[in-house]
Amino acid sequence: MLHWIVCPTREAQAKACAAVLAAQVLQKPDSVLGLATGSTPLAIYREMIALQNEGVVNFSNVRTFNLDEYIGLSHDHPQSYRSFMETNLFVELGLRSEQTHVPDGMAEDLSAECAAYEQAIEQAGGIDLQLLGIGHDGHIAFNEPAEAFTRTVFVATLTAATISANQRFFARPEDVPRTALSMGVGSIMRANRILLSAFGRDKAEIVRDAFTGPVTPQISASILQFHPDCTIVLDEEAASAL
Ligand code: GLP
């Protein structure tokens with residue numbers, strides 16, 4: 001079941017997403033939040049920090065699981081998703097490392113790391129609310145166009161388009177990792193609630209195709225049409241092709 005929220009501006013869009021996350025944590029202070037990286041969540045994280053600083057909500061008791069991490073980057077590498085989360089959210093919210101989880105892209109045994117990460121989510125009681133962005137090809141986490149939906153955390157191979165989109169964060173194109181550990185579509189679908197955020201004109205066509213077109217592993221976000229509680233928050237530009 002999809003719920004739609006279309007906001008007049010990008011700023012209002014981020015505030016609406018932060019409000020959904022805040023409402024979840026007001027109801028359950030030790031919520032398990034699934035978190036995302038990329039440019040989409042940045043303004044949402046700034047709004048969450050502001051809400052906590054203003055005393056509206058206290059996020060410091062949440063537990064978090066990130067969607068993905070690049071293989072081959074250590075957690076203290078400046079472009080790792082762990083570093084991104086520490087800098088843009090965790091430190092500001094006062095979250096300790098025991099509360100936060102990001103797959104270990106330096107694990108020697110990657111399939112053991114995948115299984116351990118999936119199990120850790122289950123042991124935490126599952127994800128209460130999962131925040132998602134969407135890639136230009138419709139990917140969620142690193143579930144690139146594929147022949148079948150992935151069920152659990154897996155080793156993902158990035159497409160050329162995703163590598164080039166993510167290049168902006170790295171000094172040289174050859175520095176962008178080609179593989180990542182990623183939650184599977186099944187891992188994401190098991191979350192109780194989903195919050196998908198998209199803004200900007202460049203996401204308009206994929207938002208339309210993913211959520212009003214056929215459900216297909218070629219556009220992994222399309223599976224969210226079958227989730228019982230998925231809220232899609234857009235600005236007017238991202239909603240402009242609907
Ligand atoms: C990456 C991440 C996704 C994210 C996507 C879109 O590929 N693995 O989780 O949704 O980028 O990123 P952006 O928000 O920068 O458009």
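Q: How do the residues of the shell around the ligand divide into nonpolar, polar and charged?
A: Five are nonpolar, six polar and three charged. Ala, Val, Leu, Ile, Met, Phe, Trp, Tyr, Cys and Pro count as nonpolar, Asp, Glu, Lys and Arg as charged, and the others, Gly among them, as polar. This is a predicted model: local features need pLDDT of at least 70, side-chain atom pairs 80 or more, while totals for chains, interfaces and linings use all residues. Numbering runs from 1 along each chain as its sequence is written, and side-chain values use heavy atoms, without hydrogens or water.

Q: How many residues surround the ligand, and which are the closest?
A: There are 14. The closest are S39, T40, D68, H139 and K203. A residue counts if one of its heavy atoms lies within 4 Å of the ligand.

Q: Why is the pair of D68 and the ligand called a polar contact?
A: The term needs a pair of N or O atoms within 3.5 Å. A polar side-chain atom of D68 lies 2.9 Å from a ligand nitrogen, so the pair qualifies. H139 qualifies too, at 2.8 Å from a ligand oxygen. K203 places a side-chain N or O atom 2.7 Å from an oxygen of the ligand, so this pair also counts. The protein buries 94% of the 390 Å² that the ligand exposes when taken alone (Shrake-Rupley method, 1.4 Å probe).

Q: What makes K28 and D128 a salt bridge?
A: A side-chain nitrogen of Lys or Arg must lie within 4 Å of a carboxyl oxygen of Asp or Glu. Here the closest N and O atoms are 2.9 Å apart, so the pair passes. The whole structure holds eleven salt bridges.

Key: A polar contact is a pair of N or O atoms within 3.5 Å; within protein, one must be able to donate a hydrogen and the other to accept it, and residues adjacent in sequence count only if both atoms are side-chain atoms.
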